[in-house]
Amino acid sequence: SATPARRPIQDLPDELVSQIAAGEVVERPASVVRELVDNALDAGATSITVRLLAGGVRLITVEDDGCGIPREELAIALRRHATSKIRNLHDLESVATMGFRGEALAAIASVSEMSVLSRPAQQEGAYLLDARSGELRPAARNPGTTMEVKELFFSTPARRKFLKTDATELAHCVEAVRRHALTRPGVGFAIWHEGKLVEQWRATLPPRSDEAQPDNAALQQLEQRAMDKRLADVLGPDFLEQSIVVNYQAGHVQVRGRAGLPDAARSRADQQFCYVNGRFVRDKVLTHAARAAYEDVLHGHRQPVYALYISIDPMRVDVNVHPTKIEVRFRDSREVHQAVLHGVENALAAPRAQQLLDAAA
Ligand code: ADP
Ligand code: MG
């Protein structure tokens with residue numbers, strides 16, 4: 001057979017490059033919600049409101065009270081590889097923000113009709129930038145940012161066809177916010193769909209500055225209480241009754257959180273939350289370790305419930321593996337595995353756990 005005629009190599013047009021890249025970042029409305037909430041958190045927001053129409057397919061807005069984007073930087077924020085979060089390779093190795101690739105906004109803008117309304121506190125008024133037309137005009141807003149994403153995948157019908165029902169897309173959006181909410185008790189979250197409030201998790205306020213400054217132990221206790229309140233709000237009030245505090249440190253790894261008692265186990269693995277340095281992750285090492293900790297107490301195909309917060313030196317974990325940043329790579333995964341395994345095992349072996357297990361038997 002004849003070789004096909006060779007065509008010359010050419011650079012792809014910018015817009016096409018963005019759309020191809022968007023395929024890695026934006027799969028469905030929930031991916032947009034996740035990226036925009038990441039950005040709001042990176043901006044130091046204490047209150048984040050998500051509003052959706054048609055499961056987020058027709059409209060997603062995310063409002064925050066964060067640091068805002070100055071007028072002259074609005075257009076830059078939408079460019080590919082434009083970020084305020086890292087400057088060099090050194091920063092990349094110790095990244096502490098949720099984002100750093102500078103890709104999300106460009107990707108989202110290339111597959112939707114997007115606008116940004118923002119005002120830093122020091123700036124006189126707000127400005128609204130329409131991504132498609134590039135039009136920039138004065139507007140009104142309190143300090144903070146509102147991102148608006150309309151008609152997701154309107155220009156790529158093939159991708160739009162892969163979306164599920166509005167109810168399913170909404171459930172994924174709520175799950176995306178839930179994952180954030182479980183690690184940020186100091187931030188208030190609200191989700192609206194079609195004008196109705198779907199979920200609201202109120203912020204736990206930090207101690208007022210006129211109150212006595214808490215010492216380290218008191219601070220830990222305050223944090224624990226704030227975390228417990230958020231866990232109860234998000235996972236239901238029974239979760240606290242049916243779980244044991246995990247607080248374990250081994251080598252470079254600290255594991256905190258709560259492990260559900262075997263009785264609280266579910267048929268689906270839909271309440272297993274793992275965080276690494278405040279970032280929600282799905283990771284085989286962590287899931288396997290947690291599962292192994294339940295080996296002797298959980299039988300059949302029941303799925304344990306847990307929220308585990310792993311802290312580790314940023315130099316010992318690589319979060320730069322995948323654009324959606326849900327995967328991580330540990331420098332010493334054995335050490336992390338052991339810490340999670342023993343942390344959860346110890347919690348389940350604690351006197352209170354034993355008491356509850358006996359009572360249930
Ligand atoms: P990244 O988060 O990786 O930096 P993004 O494309 O998500 O990339 O955002 C680009 C930049 O826009 C961010 O670095 C930040 O400076 C700014 N930005 C985005 N969203 C917000 C927000 N809600 N509040 C303040 N600044 C924001
Ligand atoms: Mg981002």
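What radius of gyration would a compact globule of 361 residues have, and what does the protein chain have? For a compact globule of this length a value near 21 Å would be expected, and the protein chain of this predicted model has 22 Å, which agrees. The C-alpha trace spans about 75 × 70 × 45 Å along its principal axes. The secondary structure of the chain comprises 12 helices and 15 strands. Of the 361 residues, 37% count as buried. Among contacts with a separation of 6 or more, 68% join residues 24 or more positions apart.

Helix H7 was examined in further detail. This helix comprises 16 residues, 166-181, and at 1.5 Å a residue should span 22 Å; the end C-alpha atoms of H7 are 22 Å apart, so the expected and computed spans agree. The buried residues of H7 are Glu-169, Leu-170, Cys-173, Ala-176, Val-177, His-180 and Ala-181. Because these residues cover an arc of only 140 degrees around the axis, they lie on the same side of H7. An α-helix has 3.6 residues a turn, so residues three or four places apart point the same way. The cover over the buried residues of H7 includes helix H2 and strand S1, together with strands S7 (188-193) and S8 (196-201) and helix H8 (216-235).

Helix H2 also contributes to the surroundings of ligand 1. Of the 22 residues around this ligand, Asn-39, Ala-43, Thr-83, Ser-84 and Gly-99 come nearest. Two elements, helix H2 (29-42) and helix H5 (104-110), give two or more residues to the shell. The most is given by H2, with three residues. By class, the shell around ligand 1 is made up of nine nonpolar, eight polar and five charged residues.

Two residues other than glycine were noted for a positive phi, Ala-54 and His-81. In Ala-54, phi is near 50 degrees. This alanine is placed in the loop between strand S1 (47-53) and strand S2 (59-64). Ala-54 counts as partly exposed because 18 C-beta neighbours lie inside 10 Å, whereas a buried residue would need 20 or more. His-81 has a phi of about 55 degrees and is found in the loop between helix H3 (74-77) and helix H4 (89-93). With 9 other C-beta atoms within 10 Å, His-81 is exposed, the limit for this class being 12 or fewer.

Technical notes: Residues are numbered from 1 along each chain as its sequence is written. Chains are lettered from A and ligands numbered from 1 in the order in which they are written. This is a predicted model: local features need pLDDT of at least 70, side-chain atom pairs count only at pLDDT 80 or more; totals for chains, interfaces and linings use all residues. Helices (H or I, at least four residues) and strands (E, at least two) are DSSP runs, numbered from the N terminus. The radius of gyration is taken over C-alpha atoms; the globule rule is 2.2 Å times the number of residues to the power 0.38. Two residues are in contact if their C-beta atoms, placed from the backbone, lie within 7 Å. A residue is near a molecule or strand if its C-beta atom, placed from the backbone, lies within 6 Å of it. Ala, Val, Leu, Ile, Met, Phe, Trp, Tyr, Cys and Pro count as nonpolar, Asp, Glu, Lys and Arg as charged, and the others, Gly among them, as polar. The expected span of a helix is 1.5 Å times one less than its number of residues. The arc is that of the directions from the helix axis to the C-beta atoms.
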